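Please walk me through how one helix in this structure is placed against a partner helix and its other surroundings.

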Amino acid sequence: MVQLVGSLRKEVAESLSTCRVLVVGAGGIGCELLKNLVLTGFKNIEVIDLDIIDVSNLNRQFLFQKKHVGKSKAQVAKESVLQFCPTANITAYHDSIMNPDYNVEFFRNFMLVMNALDNRAARNHVNRMCLAADIPLIESGTAGYLGQVTVIKKGLTECYECQPKPTQKTFPGCTIRNTPSEPIHCIVWAKYLFNQLFGEEDADQEVSPDTADPEASWNPAETEARAMASETDGDIKRVSTKEWARSTGYDPAKLFNKLFKDDIMYLLTMDKLWKKRKAPLPLDWHQLESQGNVVSIEAVGLKDQQVLGVWGYCQLFQHSIETLRSELQEKGDGAELVWDKDDAPALDFVTAAANLRMHIFSMTMKSRFDIKSMAGNIIPAIATTNAIIAGLIVMEGLKVVSGELESCRTIFLNKHPNLRKKLLVPCILDPPCANCYVCASRPEVTVKLNVLKTTVLALQDRILKERFGMVAPDVNIEDGKGTILISSEEGETDANNGKFLSDFGIRNGSRLQSDDFLQDYTLLINVLHAEDLEKDVEFEVVGDAPDKAPPPPSNQEDASSIANGNKDSAQPSTSNAAAEVDDVMIVESEGEEEEEASSSSAAAVPTSGTKRKHLDDETGEASVKRPRTNQSHEAADAEDDDDDDDIIALD
């Protein structure tokens, strides 16, 4: 007779009490998961999370209360879970899982790792660490009513990076700076402006008019005359935005006239831009101020749902700048602020700046709620979805602990039952992809770039770190001499950063070996020199690479309901393609934020791909399994041309 301890076999219960597990993330899924683990019988748990508790977390992360706002999520989660099971041994880390302290040896201390994350950079990193340590990983994610759980084991299953994932959509710089046509363009511009004024300046986030715009055919003499306003209103010179703002003491009126009057007048001199577009209308602070009481419109409804008048956003612009200026002064010289959608002054600034730009370019202005949803890429999380997914994680975890990896499954949670009346659809795990650039026996990729224009720093930051997810790469040129191009040792190869790849003899056909010793990962890179890359494209990955993922279709009804009932808010783009039976997406949003990917923008919309049929675990029939996608807003990247309010990935 089988002996039971509660609902578990005795040997399984004993294994749970002795095995060590790591939970990465203590947010929506993480809170439910930690509670489930201790109630199931897991005794030795370590949890890591970098974030602190915000008031917006309290509606679904039930281990936290109002008194905990501002405290470490990992630490408070530990304290709350211990009330369920005081005998559990729980260690909490208020830290990033990407910290070098959590190396391969750290991961080897665990029998199982469970991810409750919501960003690709951290997921990629944990995937590689578990592969290097040969430790099973349970990956999960939710987006509204949708969810998924899958098990990853080196050599037996696909790793997290085996399947293509659509990259985040971005826009050419000239669209953001010169010719915005959608609200999201103005919101991206406002976020860039925040960094230019208060945060870390990035040359790729310039907000001033782009005079190199290939569409702009203008007369230099006329431009000079029209732009003379820049020399009279606020003594503006074409220098660093932050440098000039500091010289004015962050004067709201001068900033306003520079951004919304002078720069717009400068744009108007680019004649060709406005032949087939409606020209923007400059705004003048002093003129609006004198008309403030006349043009102001009394907003109605909930505060965050209100759409103010132009002067209302002028006042919000002024107030937010004064608040952010004070915060900078408190931090001292050289301080920088970091954009956070939950920071009220930062959100107020982006809301005001984005709406003023929308008005200038004849777009309908948006509420603070809509701006936050679009700027923060928010799809509202649902507590019951998190609870279901957390339960499924534990069920798969029990199989791993019992040594029954062959019975593990990828499980999809649908919003509506399929034709067989099932909300949960289990699929057999796929074997590793032979061409995966992470878990293949000899990872190798081909990268097309211009060796005459690509710097060593761009190779390190844009390609190795952002595109291929490395943390601390070391790069050697396979030239027979082992020339060191990039070293992870601080300062060792800094002199190389500004040099071009061609300066080191790198040309078409050259091979680079990149090692990340933290991840125990080596990648061979074949260089394909090209001088015909599209504008604003720094490089392309050739062949079977993750940016070839297809945009998964979704139906209109699902997309609408995921946006808190507000059709103009965080509504994902939709496709008109009819949904197939068992058609679900692997999504990744609701978990807990580790450090976000360092990029401020990403590559272009994914191209087409092929669906793969998988056998349903219960019926043996074929069901559709989609390539994994990043975050819920990427779950439907096929844009509806009729909807200007579609949301894209930004962060």
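The paragraphs below take up a pair of helices, and then one residue of the second helix.

The model is a predicted one, and a convenient place to begin is helix α14, residues 344-360. This helix has 17 residues and reaches 24 Å from its first C-alpha to its last, close to the 24 Å expected at 1.5 Å a residue. Of its 17 residues, 15 are buried, so α14 is largely enclosed by the rest of the structure. Just after the helix, S362 takes a positive phi of about 60 degrees.

Two packed helices are described by the angle between their axes and the distance between the axes. For α14 and helix α7, which spans residues 183-198, the axes come within 8 Å and cross at roughly 130 degrees; the two helices are therefore oblique to each other, and α7 passes α14 in a right-handed crossing. On the α7 side the contact includes W189, F194 and F198, while on the α14 side F349, V350 and M358 are among the residues met. By class, this contact has 15 nonpolar, no polar and 2 charged residues, and both K191 of α7 and R357 of α14 take part in the contact.

What does H359, a residue of helix α14, touch beyond its neighbours up to four places away in sequence? Its contacts there are L283, V310 and M365. H359 also lies 8.2 Å from L281, C-alpha to C-alpha, although the two are 78 residues apart in sequence. With a relative accessible area of 33%, H359 is partly exposed, because buried means under 20% and exposed over 50%.

Technical notes. Residues numbered from 1 in each chain as written. Predicted model: local features only at pLDDT ≥ 70, side-chain atom pairs only at ≥ 80, totals over all residues. Heavy atoms only, no water. Axes fitted to C-alpha atoms, helices over the stretch in contact; angles between N-to-C directions. Helix = DSSP H or I, 4+ residues; strand = E, 2+ residues; numbered from the N terminus. Parallel < 35°, antiparallel > 145°, perpendicular 65-115°, else oblique. Left-handed = near helix turned anticlockwise from the far one by under 90°. Contact = heavy atoms within 4.5 Å. Nonpolar A, V, L, I, M, F, W, Y, C, P; charged D, E, K, R; others polar. Buried < 20%, exposed > 50% of the residue type's maximum accessible area, 1.4 Å probe, protein only. Expected span 1.5 Å × (residues − 1).
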